[in-house]
Amino acid sequence: MTWWRHLHQKFSGRIRQRVTRLGLIYTVLTLSVGLAAFLSANNLLFLIFAALLSTLLISGFVSRLGLAGLEIDVELPEHLSAKIPATGRVKVKNDKPWMPSFSIHLEGSAESGFSRKLFFPVIPGNGSVNELVSLTFPRRGQYREDSFILSTRFPFGFTERRVRVAIERDIVVYPSVLPQPGFEQILADLEGEISVHRQGRGDEFHRIRPYEFNENVRHVDWKKTARTGELQVREFVREEQPTVEIVLDLDVPESEKTWLEKSIECCAYLSWSLHERNAPFRFRSQLCDLEYSRSSDVYAILRVLALAQPSGFSAPLELNENNRMCVVFSLRSSRPVATEGRNSGNT
C-alpha cells in the first residue's frame, strides 16, 4: 500500500482534515438516505441523496480553496528575552486575486511563542490582515524555523481543514533577565561594594557622615559638627566607578545543564541590571571577553549568553581572585563561590 500512501500525500498536499461531530452526523444521514433510495427506488430520495452528496463535495472544495493562497509573515521586535512577553505583528496575506477566505483560525507551535489562537472572519482577495499578538518564548537560544497552523471549518462545519506553514527565520532569544531567588542578593552585594568604592575624595559631593578613625581632618564639616556635637566629615564621589567583572565558566558536564542554565540567567540578570544603572562591567568566558561601555554592548553580551553551550576546554579559565568586584560562576572546586566572599557568585 506504499503507492496508495504516496498518491494520497501527493493529492492532499500539506492540507489535513478532521471530521467534526456535525460532519459525522451529516455523513450518517447521507448514507441512510442513499441506502433508502437504493432499496426503495424512490426518485425523490435519489434527488435528496444527490443534493446531500453535492453539498458535501462543495463544502470540501470551498474549504480547501479558502486555505489555498494564504501566506504568513511575522514581525518581531529586535531584541527578545525568554519568558518575557513581547509584542509582535502577524500578517496573513491572501494571494487569490478574486476569492476571499472566510473564518480562518491561526495558531502557532509551542516554539513559535504564540500564546493564543487568532481568528480572522474574512481575508479579502488579493488583500491582507494584520493583528498584534503577544509572544513569549519559553527558552533562550537560536530559532531557525517556526511552524504555524491555518485551519477553517467554513462553510458548513462538516470538517476542519488544517494546513501547516513553516517560516524560516533566524532569531536569537536572550536569556531571561527576570530576577530569581538569590539573584537580587548577589546584585545587592555588588551595589554595596560599588558604594564602598565610590567613597573618597572627588569633585562631586556625596554626603555628610560621622567621622571615622584616622580620617583626614581637612574633610571635617565644622558647621555640621557644631550642630550635632559629633565630628562630621564630607564625603565625595570618586571620578571613576569601579568595573564589575562577571565570569562564567563553560567547562560544565552535560549532567549539569540545569546549573548552567540558572547561571546564564543570573549573568543576564546582573548584566541587564548593571546596564540600567549605567555601571561599568565586563563579561568573560572561555569564548569571549566583552566590556560594557555603551547601551549596544549589553545586547552583545546577552547574545553570547543566549548561544552559550556546555563544552570542554583544554585551556582553563583564568580568574583574578584578588578582584573584589568579581562574580564567578564555576563548578570547579578551586574557584571562589558565593559562600566564600560577598564579591563572588555561584548559583
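Strand 4 (residues 86-94) and strand 7 run antiparallel and are joined by 8 bridges, and within this pairing Val92 has Val129 of strand 7 as its bridge partner. Strands here are DSSP runs of E with at least two residues, helices are runs of H or I with at least four residues, both numbered from the N terminus, and two strands pair if DSSP finds at least two bridges between them. This is a predicted model, in which local features need pLDDT of at least 70 and side-chain atom pairs count only at pLDDT 80 or more, while totals for chains, interfaces and linings use all residues. Residues are numbered from 1 along each chain as its sequence is written, and side-chain values use heavy atoms, with hydrogens and water left out.

**The sheet of 3 strands**
- Strands 2, 4 and 7 form an open sheet in the order 2-4-7, with antiparallel pairing.
- Strand 2 (70-75) and strand 7 (128-135) are at the edges with a single partner strand each, so one side of each has no neighbour in the sheet.
- On average, neighbouring strands of this sheet are turned by 25° against each other, direction ignored, where axes are lines fitted to C-alpha atoms, for helices over the stretch in contact, and angles run from 0 to 180 degrees between N-to-C directions.

**The sheet of 4 strands**
- A further open sheet, of 4 strands, has the order 15-14-13-16 and mixed pairing.
- Its edges are strand 15 (289-291) and strand 16 (326-329), each with a single partner strand, so one side of each is left without a neighbour in the sheet.
- Neighbouring strands of this sheet are turned by 10° against each other on average, direction ignored.
- Strand 13 (residues 244-248) and strand 14 (residues 281-284) run parallel and are joined by 4 bridges, with Phe283 in strand 14 as the bridge partner of Ile246.
- Helix 6 (residues 257-276) lies across strand 13, strand 14 and strand 16, and runs at about 160° to strand 13, contact being heavy atoms within 4.5 Å.

**The cavity**
- The count comes to 1 cavity of 30 Å³ or more, a cavity being a set of points, on a 1 Å grid over the protein atoms alone, where a 1.4 Å probe fits but cannot get out, with lining residues having an atom within 4 Å of a point.
- The largest cavity holds about 30 Å³ of space, the volume being the space filled by probe spheres set on grid points that are joined across faces, edges and corners.
- Its lining consists of Val62, Ser63, Gly66, Ser101, Phe102, Ile104, Thr152 and Phe154, and helix 3 (43-67) and strand 5 (101-108) are the elements that give two or more residues to it.

**A salt bridge**
- The whole structure has 10 salt bridges, each a side-chain nitrogen of Lys or Arg within 4 Å of a carboxyl oxygen of Asp or Glu.
- In one of them, Lys117 pairs with Glu107, the closest N and O atoms being 4.0 Å apart.
- This pair links distant parts of the chain, 10 residues apart, with Lys117 in the loop between strand 5 and strand 6 (118-123) and Glu107 in strand 5.

**Backbone features**
- Most residues other than glycine have a negative phi, and most peptide bonds are trans.
- Ala41, which is not a glycine, has a positive phi of about 55°, and its place is in the loop between helix 2 (21-40) and helix 3.
- The peptide bond from Phe154 to Pro155 is cis, with omega near 5°, and Pro155 lies in the loop between strand 8 (141-152) and strand 9 (159-174).

How values were computed
On a 1 Å grid over the protein atoms alone, a cavity is a set of points where a 1.4 Å probe fits but cannot get out, and a pocket is an open set with protein on both sides within 12 Å along at least five of seven lines; lining residues have an atom within 4 Å of a point.
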